[in-house]
Amino acid sequence: MSGRNTVIRSLHDLGLAAWFGGSLMGAVGLNGAARQEGTTETAQARIASAGWAKWMPVSAAAIGAHLYGGGGLLAINAHRVAKQKGVGASTTAKTVVTAAALAATAYARILGKKIDLASSPDPKDAEKAAQHPIDTEQARRQLACVQWAVPALTGCLVVLNALHGEQQRPLEQLHGLWGHARSVVPLMH
């Protein structure tokens, strides 16, 4: 790498840190506090929904920063992805895991919103919930699973970032480029 990419890398890393940390804290702290403090399942759902609603704009900004930074890093390192052995595979893995984390995050939001509407005392929310009836108990079970999938998947992204960092070491780049060159132009005996 010939230049510094501090802003792009920071957006990528800080966005992922907030996405991972926020989802983990929500699954452990927020949902745990809602279960502890809510006297009924409806009260628990209302407490958790209020907390997640406060976090949602920050989470969206974090995910956006991560994706923007990731796109920038991909553009900056396109030559390495194409030419350095192993970087293309780890980039593909990272892309697949990112897509899965985005899908899990979106699904958690959908389930959370449905539970929020179903447990709301507001007549307008009750009307919206009646238009799209759900099995609240099944939605709660699904949400409990998918909320743990988000920190698991984003944690995998942290590990893949560590791998990318190792692949950027000069000796790793040399070995990777040499390995790619050998596979493209086999040595003659």
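This briefing describes one helix packing and the two largest pockets of a predicted model. In this predicted model, local features need pLDDT of at least 70 and side-chain atom pairs count only at pLDDT 80 or more, while totals for chains, interfaces and linings use all residues. Residues are numbered from 1 along each chain as its sequence is written, and side-chain values use heavy atoms, with hydrogens and water left out.

**Helix 1 and helix 6**

- The axes (lines fitted to C-alpha atoms over the stretch in contact, with angles from 0 to 180 degrees between N-to-C directions) of helix 1 (residues 6-37) and helix 6 (residues 136-167) come within 9 Å and cross at roughly 150°; helices here are DSSP runs of H or I with at least four residues, numbered from the N terminus.
- The two helices, helix 1 and helix 6, are therefore roughly antiparallel, a term for angles over 145 degrees.

**Largest pocket**

- About 870 Å³ of space lies in the largest pocket, where a pocket is an open set of points on a 1 Å grid over the protein atoms alone where a 1.4 Å probe fits, with protein on both sides within 12 Å along at least five of seven lines, and lining residues have an atom within 4 Å of a point; the volume is the space filled by probe spheres set on the points, which are joined across faces, edges and corners.
- Among its 34 lining residues, Asn31, Trp52, Gly112, Leu143 and Gln147 are the closest to the centre.
- Helix 2 supplies the largest share of this lining, 13 residues.

**Second largest pocket**

- The second largest pocket has a volume of about 470 Å³, and His12, Gly70, Leu73, Lys94 and His164 lie nearest its centre among 21 lining residues.
- Helix 2 again gives the most to the lining, with 6 residues.

Definitions and conventions
Parallel < 35°, antiparallel > 145°, perpendicular 65-115°, else oblique.
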